[in-house]
Amino acid sequence: LYTMVKGELPFDDANLAVLFDKIERAMYTMPRGISRDLRNLIDQLLTVDPSKRITIPEIVRDPWFTVGFDHNVLLDQQLL
């Protein structure tokens, strides 16, 4: 999602040690001009600790993801 919005990877560096440090610390710059909902979703997706990271069911209920979306479609198909 970050890459689709910004057009580049959230973590990048020519030095692998620095790159891994950025990943471990979740050091990235947020794309400019995006909504608060999208910013929050990206932050949750890029959370380092997997136990705290947003889950797929939470993503499909997220305010940014659900704009104009009918949850009944998924519920009817038992995808959630």
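Which nine residues make up the largest nonpolar core? Keep that in mind while we walk through this predicted model; the answer comes a few stops along.

**Stop 1: the whole chain**

Start with a cartoon view of everything. You should find five helices and zero strands, so to speak a pattern of α-α-α-α-α when read along the sequence. Of the 80 residues in the chain, 22% count as buried. Contacts between residues 24 or more positions apart make up 31% of the contacts with a separation of 6 or more.

**Stop 2: the core**

Now select Tyr2, Phe11, Leu19, Tyr28, Met30, Ile34, Leu38, Ile42 and Leu46, and show their side chains. These are the nine residues of the largest nonpolar core.

**Stop 3: the aromatic rings**

Keep Tyr2, Phe11 and Tyr28 on screen, and hide the rest. Together these three form one aromatic cluster. A pair of aromatic rings is described by the distance of the centres and the angle of the planes. A search of the whole structure turns up two aromatic pairs.

Look at Tyr2 and Tyr28 to begin with. Their ring centres are 5.9 Å apart and their planes sit at 80°, so this pair is edge-to-face, given that angles over 60 degrees earn that name. Tyr2 belongs to helix H1 (residues 2-6), while Tyr28 is in the loop between helix H2 (16-25) and helix H3 (36-45), so the pair links distant parts of the chain, 26 residues apart.

Is Tyr2 buried or exposed? Its relative accessibility is 5%, so Tyr2 counts as buried. Tyr28 is buried too, with a relative accessible area of 19%, and the cut-off for buried is under 20%.

Turn next to Phe11 and Tyr28. Here the ring centres are 5.9 Å apart and the planes are at 90°, so this pair is also edge-to-face. Phe11 sits in the loop between H1 and H2, and Tyr28 in the loop between H2 and H3, so the pair ties together parts that are 17 residues apart in sequence. Phe11 is buried, at a relative accessible area of 16%.

Before leaving Tyr28, show what surrounds this residue. Apart from neighbours within four places in sequence, Tyr28 is in contact with Tyr2, Pro10, Phe11, Ile42, Asp43 and Leu46.

**Stop 4: the two ends of H2**

Select Asn15 and Ala17 at the start of H2. A side-chain oxygen of Asn15 comes to within 2.8 Å of the backbone nitrogen of Ala17. Then go to Ala26, just after H2, where phi is positive, at about 55°.

**Stop 5: charged pairs**

Side chains of opposite charge can pair when their charged atoms come close. How many salt bridges does the count come to? The count is three, and you can visit each in turn.

- Lys6 and Glu8: the closest N and O atoms of this salt bridge are 3.6 Å apart. Lys6 is partly exposed at 29% relative accessibility, and Glu8 is partly exposed at 42%.
- Asp13 and Lys22: the closest N and O atoms in this salt bridge are 3.1 Å apart. Asp13 counts as partly exposed at 26% relative accessibility, and Lys22 is partly exposed with a relative accessible area of 21%.
- Arg25 and Asp21: here the closest N and O atoms of the salt bridge are 2.8 Å apart. Being four residues apart in helix H2, the two are separated by about one helical turn. Arg25 counts as exposed at 57% relative accessibility, whereas Asp21 is partly exposed at 29%.

Stay with Lys22 a moment, in helix H2. Setting aside neighbours within four places in sequence, Lys22 is in contact with Phe11, Asp12, Asp13 and Met27. Measure across to Pro10 in your viewer: Lys22 and Pro10 are 12 residues apart in sequence and 9.3 Å apart in space, C-alpha to C-alpha.

**Stop 6: Ser51 and Asp62**

Select Ser51, in the loop between H3 and helix H4 (56-59). Ser51 counts as exposed at 63% relative accessibility, and a polar contact of 2.8 Å joins its side chain to that of Asp49.

Finish at Asp62, in the loop between H4 and helix H5 (71-76). Asp62 is buried yet has no salt bridge, and the nearest side chain of opposite charge, Arg61, is 11 Å away. Leaving out neighbours within four places in sequence, Asp62 is in contact with Asp37, Leu41, Gln44 and Ile54.

Terms used. Residues are numbered from 1 along each chain as its sequence is written. This is a predicted model: local features need pLDDT of at least 70, side-chain atom pairs count only at pLDDT 80 or more; totals for chains, interfaces and linings use all residues. Side-chain values use heavy atoms; hydrogens and water are left out. Rings of Phe, Tyr and Trp (its six-membered ring) pair if their centres lie within 6.5 Å; planes under 30 degrees apart count as stacked, over 60 as edge-to-face and the rest as tilted. Buried means under 20% relative accessible area, exposed over 50%, partly exposed in between (1.4 Å probe, protein chains only). A polar contact is a pair of N or O atoms within 3.5 Å; within protein, one must be able to donate a hydrogen and the other to accept it, and residues adjacent in sequence count only if both atoms are side-chain atoms. A nonpolar core is a set of buried Ala, Val, Leu, Ile, Met, Phe, Trp, Tyr and Cys residues joined through side-chain atoms within 4.5 Å. Contact means heavy atoms within 4.5 Å. Lys and Arg count as positive and Asp and Glu as negative; His and the chain ends are not counted. A salt bridge is a side-chain nitrogen of Lys or Arg within 4 Å of a carboxyl oxygen of Asp or Glu.
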